[in-house]
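Reader: Please take me through this structure one point at a time, with the reasoning for each answer. I would like the strands to come before the overall dimensions.

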Amino acid sequence: MILALFFLALIAAGAITVFKYYEREKPQISFYGDIATFGVTKELKFAVSDARSGISLVEMVLTQGDKSEKIYGKEFSRQGFFEHNGPKKLEETVSLNSGALGLTDGKAELVVRVRDFSFWNWMSGNETVMTYPVILDTHPPKIIILHSTRYVSPGGSGMVIYKIDDTVAKHGLTVNGHFNPGFPVSGEEDDRFIAFFGLPFDTEKIDSAVVSAADLAGNSGEASFGMILKKQNFKQDKINISDNFLNLKIPEFAQEYPQMSGSPVQQFVYVNSMIRAENYQAIVAATANPSPLRLWQGPFERMARSSRMAGFAEYRTYYYNNDEIDKQVHLGIDLASTKHAEVHAANRGNVVFADYLGIYGNTIILDHGQGIFSLYSHLSEIGVAVGELKDKGAVIGLSGTTGMAGGDHLHFSMIINGIFVTPVEWWDQHWLQLNIEDILIGSKPK
């Protein structure tokens, strides 16, 4: 019996040894992100793991024909005969300069070899070898500018039309650091791209206007152009805030923003500055994913039978009892008609916002495609829902006094990729024809 127990213990010890030291689970390999293309530079983020005996070797080799270049290698030593000192998991990023490898653009293979510390396979361990087909592409895309806006004013709009000689993942126009995405001009037979931009009302200088494109391999190409800035003088306005106005408006804002505190004047300033900034961020978020298709046609319609009450980019100084309490800029045009007048879609577009929005009150934002949006605020009634497509002239709401409005009117704004621009240009058939339509026709492929 003692002998039998001895042999049973010996068998158990052997089984444990085989299970622990002669395990046959192969290491695992995974990559984060795309590894199908390699540009001039490439970052390969990977993870390898072996839960049983740990990792002893990781090696990556890029091969092309009879050429092989080792791009990564790491080996762990066994500290003792029965010790497994490799990590159970390893995550690293390889920064690769493809241009320095001596390989040519075209097809190649990435060979990844991972080995563990198992005693299996005559103590050489379990090994996983994976081969990934890749494309080497070290040439940046070439951008050809077909047309660019020559003259633009602060608060004005413009565009650039261009071609790209490669399939790209991202492209667009950056003006003074602000990125404007590019979109196909029209259908499949048209290889042109267009990017609209708006110039902020307070622009004093155009430092740079650059069309950029990044291809699938991560290579970047650029093409710059110049513009002439036409100075613009905006109206200065003084607004006196009365107790009647505060008594009328503060309860509305207190219901929406219970965090307000202090005197009525302090609450007004809080809404007019802090909430205004929050509202702008909400507008940026609502306009962040424009339709790639141009939905609008012809000039944008101005509110029928309306009088202009305030202009675009008017600098406003607010006073209470003859004391200056705040300064802001009015980024739209106020139009007054009759009380609760019908508000119509200025052009064809998708509803991307229809809700209460602080100083703007009840607000609707329409996406007209390719980065162009229109905003309608101070409404007494919203007659649309997010996701609806509205034709030019469709009734979308009624004018009102919600938000920071002292009387019934419509606040109308035009926005290009988060930048408020003057609506006057977009109302003007001549401006649209001269600056957009004629250019699109003139640059069309023959």
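**Strands, cores and dimensions**

Reader: Which residue in strand 15 is the bridge partner of F183?

Author: Strands here are DSSP runs of E with at least two residues, and helices are runs of H or I with at least four, both numbered from the N terminus. Strand 14 (residues 183-184) runs antiparallel to strand 15 and is joined to it by two bridges, the minimum of at least two DSSP bridges for strands to count as paired. Within strand 15, F183 has as its bridge partner I194.

Reader: What pLDDT do local features need in this model?

Author: Residues are numbered from 1 along each chain as its sequence is written, and side-chain values use heavy atoms, with hydrogens and water left out. The model is predicted: totals for chains, interfaces and linings use all residues, side-chain atom pairs count only at pLDDT 80 or more, and local features need a pLDDT of at least 70.

Reader: Which residue of strand 11 stands opposite I194?

Author: Strand 15 also pairs with strand 11 (residues 157-164), in the antiparallel sense and over six bridges. In this pairing, the residue opposite I194 is I161.

Reader: How many of the six residues of strand 15 are buried?

Author: Buried means under 20% relative accessible area, exposed over 50%, and partly exposed in between, with a 1.4 Å probe and protein chains only. F193, A195 and F197 point one way from the strand, whereas I194, F196 and G198 point the other way, and all are buried. Strand 15 (residues 193-198) is therefore largely enclosed by the rest of the structure, the number of buried residues being six of six.

Reader: Which residue takes a positive phi in the hairpin of strand 12 and strand 13?

Author: Strand 12 (residues 168-175) pairs over seven bridges with strand 16 (residues 209-215), in the antiparallel sense, and K170 stands opposite A214 there. Strand 12 is also joined by four bridges to strand 13 (residues 178-181), again antiparallel, with T174 opposite F179. Two residues lie between the strands of this hairpin, and the one with a positive phi near 50° is N176.

Reader: Which helix gives the most residues to the largest nonpolar core?

Author: A nonpolar core is a set of buried Ala, Val, Leu, Ile, Met, Phe, Trp, Tyr and Cys residues joined through side-chain atoms within 4.5 Å. The largest has 67 residues, and F196, Y376, W426 and I436 make the most contacts inside it. With six residues, the helix that gives the most (residues 264-286) is helix 3.

Reader: Which residue of strand 15 is in contact with W426?

Author: Contact means heavy atoms within 4.5 Å. Leaving aside neighbours within four places in sequence, W426 is in contact with residues including S157, W296, M414 and I436. From strand 15, the residue in contact with W426 is F196.

Reader: Which are the edge strands of the open sheet in the order 24-30-28?

Author: The three strands of this sheet pair in the antiparallel sense. Strand 28 and strand 30 (residues 395-398) share two bridges, and I382 stands opposite G397. Each edge strand pairs on one side only, and the two are strand 24 (342-344) and strand 28 (381-382).

Reader: What radius of gyration does the protein have?

Author: The C-alpha atoms fill a box of roughly 105 × 65 × 40 Å along the principal axes. The globule rule is 2.2 Å times the number of residues to the power 0.38, with the radius taken over C-alpha atoms. A compact globule of 446 residues would come near 22 Å, but the protein has 32 Å.
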